[in-house]
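Please open the model in your viewer and keep the selection tool at hand. The stops below take you from one selection to the next, with a note on what is found at each.

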Amino acid sequence: MNDQDWYSQIEGALNSEELHQRAEQLENIPNMMPDEEGIIFCPVLPLREVIVFPHMVVPLPVGRSSTIEAIEAANQQEQLMIAIPQRNPRKHSVHKKDFLPVGVLSAVSEIFSTGQSDNLVVVQGRYRVELIEIVRDNMVLYAKARVVDEHTRPSKQDLALMRNLMRLFKRYADLTRSIPDEAMDYLMEIDEPGWLADMLTNSFSVHLDDRHELLLSLEPTERLEKVNNLLVRELGVLELEDELHAKVQDEVERGQRENYLREQMRVIQRELGEQDPWSKELQELHNQIKAAKLPEAAEEAALKEFERLYQMPPMSPEVGVIRTYIDWIIDLPWTEMTEDNLDVQHAIEVLEENHYGLEKPKDRILESIAIRSLKPGKTRQPILCFIGPPGTGKTTLGKSIAEAMGRKFVRISLGGVRDEAEMRGHRRTYIGALPGRIIQTMKRAGTLNPVFILDEVDKLGIGYRGDPAAALLEVLDPEQNQEFSDHYLEIAYDLSKVLFITTANHRSDIPWALLDRMEVVEFPGYIEEEKVEIAKKFLVSRQLEESGLDQGELTFTEKAIRRIINEYTYEAGVRNLEREIGRVCRKVARLKAEKKTYPSRISDTTIEKYLGPPEYSTTESETEDQVGVATSIAWTMAGGDIMPIEVALTEGKGNLQVTGQIGEVMQESAQAALTYLKSRAKTFGLKADVFENVDVHIHVPEGAIPKDGPSAGITLATAVISAFTGRKVRKDVCMTGEVTLRGRVLPIGGVRNKVLAAHRNGLKTVLLPQRNEKDLVDVPKKVQTDLNLVFVTHMDDVLEAALLPAEEKPGKGKKAAKKDQLSKNDQPPGGKPAKPIADDKQPPAVSGV
């Protein structure tokens with residue numbers, strides 16, 4: 001039973017006339033006289049959930065048989081007992097250690113019953129006693145205790161505390177309105193500090209533990225201070241409750257007043273033939289729904305939500321949620337479309353004006369426009385995926401496509417997106433829910449058929465909230481996107497007329513299910529000649545304008561541009577090239593602004609003055625024929641490059657070591673090259689045991705750059721054979737191709753970039769696999785004319801073109817050099833070579849060969 005229930009029971013019991021009579025009878029019972037040492041001895045009245053203080057009269061229910069027997073024993077004597085609270089109210093069987101050390105000598109009436117409860121006694125507290133000993137006689141507990149004398153004259157501090165307590169209690173009575181005036185008058189007459197503290201403790205709600213503490217306080221001053229603190233705390237709670245109640249009441253009254261006034265306004269406006277603002281707003285919203293020419297499903301959903309909105313009061317929090325949803329439905333383009341410009345010649349002019357090179361991507365776009373011009377409105381939109389290195393014009397080509405076709409252009413970046421809700425939106429059950437980025441972008445486009453760029457699709461992430469790439473499957477599937485479902489709208493939206501173009505840097509990072517729905521268009525990266533033309537036509541003029549210089553006020557020579565490309569940038573695109581040109585323009589603009597002399601022409605000799613020392617150096621080709629050194633051509637993210645491979649033989653135990661940060665595939669190519677040499681040792685005039693006494697060390701310079709791929713196979717084999725046979729490798733020959741254990745040369749990728757790298761570095765002869773001859777269609781004719789392109793099918797062809805004849809050893813006279821006739825009987829007769837497992841078209845971490 002808690003304190004509030006206990007006081008309710010007491011209040012109900014005190015309404016009985018019989019209880020008042022019994023309380024008056026207790027007044028006539030004299031106090032027990034202590035002995036010379038101030039000791040008294042009488043039965044114990046255990047108290048569980050209530051405490052009897054001195055001067056209190058309280059009815060108590062009695063339940064335990066031991067307590068009933070103790071009360072009967074007291075009534076047979078002096079009707080006095082020591083009321084002692086238990087430490088644990090829930091404990092039924094008690095001993096001395098279970099009681100507090102302080103009790104109250106109390107007069108106890110006989111056990112009686114009323115109409116409300118049975119087994120009641122009336123108890124009147126007299127004075128505190130300190131417990132000395134408890135003994136048991138059968139079931140009755142007796143206590144030996146010492147009387148506590150509290151009759152002392154109050155000090156000034158006591159008087160101040162008493163006055164402050166009465167002021168606080170008066171404030172308490174005003175807030176609760178439950179203390180009768182007679183009780184206040186009675187309290188005002190008390191002049192003893194301890195008595196006042198005990199009476200106030202019983203007059204407001206105090207926790208049982210706090211009551212225990214007050215009972216144990218034997219000093220009246222200390223007890224007054226504790227009651228003061230408890231009353232201050234209770235007042236704080238009551239004042240807060242009163243404040244909250246007042247606020248609630250004000251809100252209720254304000255709402256009722258507003259409703260009343262609003263209803264009066266409606267009546268007045270109805271009489272004047274006017275509308276209130278809320279009704280006017282609802283009418284305008286209904287007209288917007290009707291005027292939007294929505295599809296049947298969208299209009300039905302909008303009108304359904306409008307009916308809900310119409311029945312709600314304008315101040316309801318749900319109003320904003322519903323209104324936002326209806327606004328999204330109205331603002332989306334459901335039927336609005338721009339008219340396509342399907343003039344192929346116009347598209348050619350726009351693409352050529354804005355972009356240099358990129359012939360394959362341009363051809364694919366022109367094919368799509370041509371097909372649509374023949375069958376307007378009857379062809380599906382292609383889903384194109386532009387894959388290539390950064391800065392190669394993927395996104396800007398999308399803008400040019402929109403310009404050529406007369407469509408709106410919109411773009412979203414998918415880099416780092418990890419939440420499926422970013423694509424499909426949140427359901428309206430969430431606070432602040434909105435549609436996904438697809439629907440938001442369509443609203444921004446304002447038409448049903450924009451050119452929609454999904455940038456960096458290979459950088460989508462997977463988080464604990466779902467896979468956004470999976471959400472794009474429906475968007476990019478022409479068979480499904482005419483009924484795209486957004487979690488927020490929950491209405492099918494047609495995306496089939498959108499021209500989606502995705503961009504990525506690496507094919508391998510795109511989920512295969514997503515890649516299967518798209519047509520891949522490769523952006524191979526610009527060669528040096530293309531970068532020079534792009535700089536002349538676009539970059540220089542754009543940077544002049546951004547730097548505040550007039551067109552033609554500053555020019556760059558072709559050699560200066562080439563030096564920037566080769567020594568200050570290392571990329572497949574032109575972003576860094578434009579930045580470096582911009583750096584030069586800004587420095588010249590500063591000189592102009594400071595009224596200093598500034599150049600009008602930037603040459604290759606003055607470029608270092610503005611850009612500082614070169615940041616990159618090109619790999620130099622060999623200057624003389626050497627043994628054990630062959631030149632390979634490699635594909636990198638920045639285009640093509642040459643790569644010398646060095647082989648050194650040392651005394652050892654036949655170990656092979658490959659250094660230069662080589663990948664697993666290239667290490668396997670080195671092992672295959674050495675195994676090929678071992679299998680043909682007799683053909684090359686080598687003894688079988690030579691390999692057991694020699695360690696082979698293969699090194700690829702520029703060890704900080706990762707290298708991998710199978711296309712250095714024939715170069716590795718050539719360098720190893722040169723090192724073992726002593727035949728020199730021609731300095732002007734470079735090569736690329738995968739080698740098998742039988743000496744067959746397999747095709748590789750990146751031919752265009754590799755051939756251009758050889759031409760750029762001044763090499764004369766390029767050895768290529770026979771099956772890569774078809775790839776020369778992408779190589780400029782001038783480059784093909786300048787180079788001696790040799791197509792090989794076997795290592796015999798490679799060695800014949802790459803190695804010089806063996807030199808005569810001194811002291812043996814002039815002997816005719818015997819030309820090795822290397823057998824080709826290990827090729828499969830008539831059949832085509834097997835398709836290579838690894839292909840250079842998959843880019844390595846930094847550089848590939």
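## A patch of negative charge

Begin by selecting Asp181, Glu182, Asp185, Glu189 and Asp191, which together form a negative surface patch in what is, throughout this tour, a predicted model. If you then narrow the selection to Asp181, you will find this residue in helix 5, which runs over residues 181-188. Is Asp181 buried or exposed? Its relative accessible area is 58%, and because exposed means over 50%, Asp181 belongs to the exposed class.

## Cysteines

Next, select the cysteines Cys42 and Cys585. Cys42 is buried, at 2% relative accessibility, and Cys585 is likewise counted as buried, with a relative accessible area of 0%. How many disulfides does the structure hold? The number is zero, so there is no pair of cysteine sulfur atoms within 2.5 Å to look for.

## Two residues with positive phi

Move now to His55, in the loop that connects strand 1 (39-47) with strand 2 (57-61). Although His55 is not a glycine, its phi is positive, at about 75 degrees. Most residues other than glycine have a negative phi. His55 is partly exposed, with 31% relative accessible area.

A second case is Leu358, which you can select in the loop between helix 12 (344-354) and helix 13 (359-374). Leu358 is not a glycine either, and its phi is positive at about 50 degrees. With a relative accessibility of 9%, Leu358 counts as buried, because the limit for that class is under 20%.

## Salt bridges

The count of salt bridges comes to 42, and the tour visits a few of them. Side chains of opposite charge can pair when their charged atoms come close.

Select Glu299 together with Lys290, which form a salt bridge whose closest N and O atoms are 3.4 Å apart. Glu299 is partly exposed at 22% relative accessibility, and Lys290 is also partly exposed, at 46%.

Then select Glu305, Arg308, Glu318 and Arg428, and display their side chains as a group, since here salt bridges link the four residues in a network.

Continue to Arg562 and Glu558, whose side chains meet in a salt bridge at 3.0 Å, N to O. Why are these two residues separated by about one helical turn? They are four residues apart in helix 20 (residues 558-567), and therefore about one turn of that helix lies between them. Arg562 has a relative accessible area of 23% and is partly exposed, while Glu558 is partly exposed at 35%.

## From one salt bridge to a pair of valines

For the last stop, select Glu456 and Lys459, whose side chains are joined by a salt bridge of 2.9 Å, N to O. Glu456 counts as partly exposed at 24% relative accessibility, as does Lys459 at 36%.

Add Val457 to the selection, together with Val417, and draw a line from C-alpha to C-alpha: the two valines are 40 residues apart in sequence and 9.6 Å apart in space. Where is Val417 placed? Val417 sits in the loop between strand 8 (409-413) and helix 15 (421-424), and with a relative accessible area of 6% this residue is buried.

Note on methods:
Residues numbered from 1 in each chain as written. Predicted model: local features only at pLDDT ≥ 70, side-chain atom pairs only at ≥ 80, totals over all residues. Heavy atoms only, no water. Patch = residues over 30% accessible without salt bridge, like charges linked within 9 Å, V, L, I, M, F, W, Y side chains within 5 Å. Areas by Shrake-Rupley, 256 points an atom, 1.4 Å probe, with all protein chains shown as cover. Lys, Arg positive; Asp, Glu negative; His and termini not counted. Charge placed at Lys NZ, Arg CZ, Asp CG, Glu CD. Buried < 20%, exposed > 50% of the residue type's maximum accessible area, 1.4 Å probe, protein only.
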